[in-house]
Amino acid sequence: MAVTTQERAVAAKAGPDRPATLIWLGLGLIVIGQFMAVLYAPEEVTMGNAQRIFYVHVPSAWVGYLAFAVVFGASIGYLFTRRRSFDLAAYASTEIGVVFTTLAIISGSVWGRYAWGTWWTWDPRLTTTFMLWLIYVVSLMVRAYGGVGSQAARFAAVLGVIGFLDIPLIHLSVVWWRSLHPLPVVVRPEGFGSGLHPAMLQALLVNVAAFTVLYVALFSVRRRQMAAADALAELKNEDHRRAGTQWTVGTQEVS
Amino acid sequence: MGALSAVRLLVWKDLTLELRTKEILTAMAVFALLSAVIFNFAFSPSPAQAVTLLPGMLWVTLAFAATLGLSRSFVLERDQQCLEALRLFPTDRSLIYLGKAAANLLFLLLVEALILPAMAVISGIALLPHLLPLALVMLLGSIGLVAVGTIFSAMSVNTRIREVLLPVLLFPIASPVLISGVKATAGILAGRPLLEVLPGVRILAVFDVMFVVLGYVIFEFLLEE
């Protein structure tokens, strides 16, 4: 397949293609991690094998929170510097965060059906996570309908700041209800991982590492895609300018 | 011009506009009454049930009425290019936020003064003995709703889907207000000692302070062209 000059120009603008190694590393770690989750970690005494969903649930939730923290930082960065790279980081991280939070909610719900006998309950952590998910889904709506030029980016950044700062308050207000979520087993006053069998903790940590690497890989792929879309739109607009046609393809640089 | 007189001027502007057209207040008040009626159709509560249902009905009504008012808040500013003029206002731009928020709060409180007695009459609950704590919780809740709502109102008016976006933005972020408001109101109506609803009042107060400050700081970013 012949690569045109334009394609090369777009690729050059989008930056170097590094994510491939990260993706393979992430996938490899996930295979190892899930292998450990199923075969290496011992069966939990009361919950039995249903507890093993924990090795998907906790890493997903972690990546969700991590992604939204990145959105918060990138949003502040964007508001103060107006650099497109911050905006792309916030956008990419919002998307990935929503996907992994969805995964955490679904896996938690499946587990809850088994352990609590109900798919859903308004426990503080569940409710907070669900509100969190809603906020970032709305943020994707703002991206889609937020208006022309840099406006959508600016509005999404404002929401990225407000939403993240709101989370502790949401949690506090929901805690004012009763709690049903299992108590923390990893980070506890008695010491890190003291509530877990060592093999369980190892399996969990490998999975958390695997999911984190996958997040970084997805993040770089998505950012690069967006940067390429920007570069492509810019090239198209340049063409149109040269040809004298008036319409422009909407990107932030051009509009 | 001092900050206070600038804010006062902005509120006076919105008030004058509203007194001429009366469109926002009328719409909010009628809508609030209607939703109170619809709730009673939906649940047809006995007096005993009404005590447990009223907090939820009250706050849902308030949240909807507030959304209705807030969605109009920046429509005129935008359609008549008033925002351009406001931008030229020789003062800190963040004061525009305080002015708009104060006007929105005033409208919401006026509607609440109407809807609270109406709900008491419809549901047959004596609210008068609980009036003071109830007023405090409603005031704190309203400040919170308006503080966040004014930010999102300025945002959504500039988008393609306008009125649709505002509630979708507002309700998840304002959920602490609704949760604490409902719970505190329920506690007050059940005659619990004030100490028991204090956590809720505290959350409302923190929410108010945080979002008024945040709105003040962040509003500048919404006004750019």
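Two residues are in contact here if their C-beta atoms, placed from the backbone, lie within 7 Å. Keep that cut-off in mind for the interface, and remember that this is a predicted model.

**Where the chains touch**

With that rule, the contact draws 24 residues from chain A and 25 residues from chain B. On the chain A side, the elements giving two or more residues are α5 (124–145) and α6 (151–175) of chain A. The largest share of that side comes from α6(A), with 14 residues. By residue class, the side of chain A that touches chain B splits like this, next to the split for a helix pair that comes up below.

| Contact | Nonpolar | Polar | Charged |
|---|---|---|---|
| Side of chain A that touches chain B | 17 residues | five residues | two residues |
| α3(A) with α7(A) | 12 residues | three residues | no residues |

**Chain A overall**

Chain A has seven helices and zero strands, so to speak a plain α-α-α-α-α-α-α when you read along the sequence. It has 255 residues, and 34% of them count as buried. As for who touches whom, take the contacts in chain A with a separation of 6 or more: 74% of them join residues 24 or more positions apart.

**One helix pair**

How do α3 and α7 of chain A cross? Their axes come within 9 Å, at roughly 40°. An angle that is neither under 35 degrees nor in the 65 to 115 range nor over 145 counts as oblique, which makes α3(A) oblique to α7(A). The crossing is right-handed.

On the α3(A) side, the residues that meet α7(A) include A:Tyr55, A:Trp62, A:Val63 and A:Leu66. Among their counterparts in α7(A) are A:Leu204, A:Val208, A:Phe211 and A:Tyr215.

**The nonpolar core**

The largest nonpolar core has 125 residues, and those with the most contacts inside it are A:Ala90 and B:Val148. What does A:Ala90 touch, leaving aside its neighbours within four places in sequence? The list is A:Val71, A:Ala74, A:Ser75, A:Tyr78, A:Ala156, A:Ala157 and A:Gly160. In soluble globular proteins, nonpolar side chains tend to be buried together.

**A leucine in chain B**

B:Leu116 sits in helix α6 (residues 94–123) of chain B. Is B:Leu116 buried or exposed, or in between? It has 19 other C-beta atoms within 10 Å, and because buried takes 20 or more, B:Leu116 ends up partly exposed. B:Leu116 and B:Leu127 are 11 residues apart in sequence, and their C-alpha atoms are 8.4 Å apart in space.

How values were computed:
Residues are numbered from 1 along each chain as its sequence is written. Chains are lettered from A and ligands numbered from 1 in the order in which they are written. This is a predicted model: local features need pLDDT of at least 70, side-chain atom pairs count only at pLDDT 80 or more; totals for chains, interfaces and linings use all residues. Helices (H or I, at least four residues) and strands (E, at least two) are DSSP runs, numbered from the N terminus. A residue is buried if 20 or more other C-beta atoms lie within 10 Å of its own, exposed if 12 or fewer, and partly exposed in between; C-beta atoms are placed from the backbone. Ala, Val, Leu, Ile, Met, Phe, Trp, Tyr, Cys and Pro count as nonpolar, Asp, Glu, Lys and Arg as charged, and the others, Gly among them, as polar. Axes are lines fitted to C-alpha atoms, for helices over the stretch in contact, and angles run from 0 to 180 degrees between N-to-C directions. A crossing is left-handed if the near helix is turned anticlockwise from the far one by less than a right angle, and right-handed if clockwise. A nonpolar core is a set of buried Ala, Val, Leu, Ile, Met, Phe, Trp, Tyr and Cys residues joined through C-beta atoms within 7 Å.
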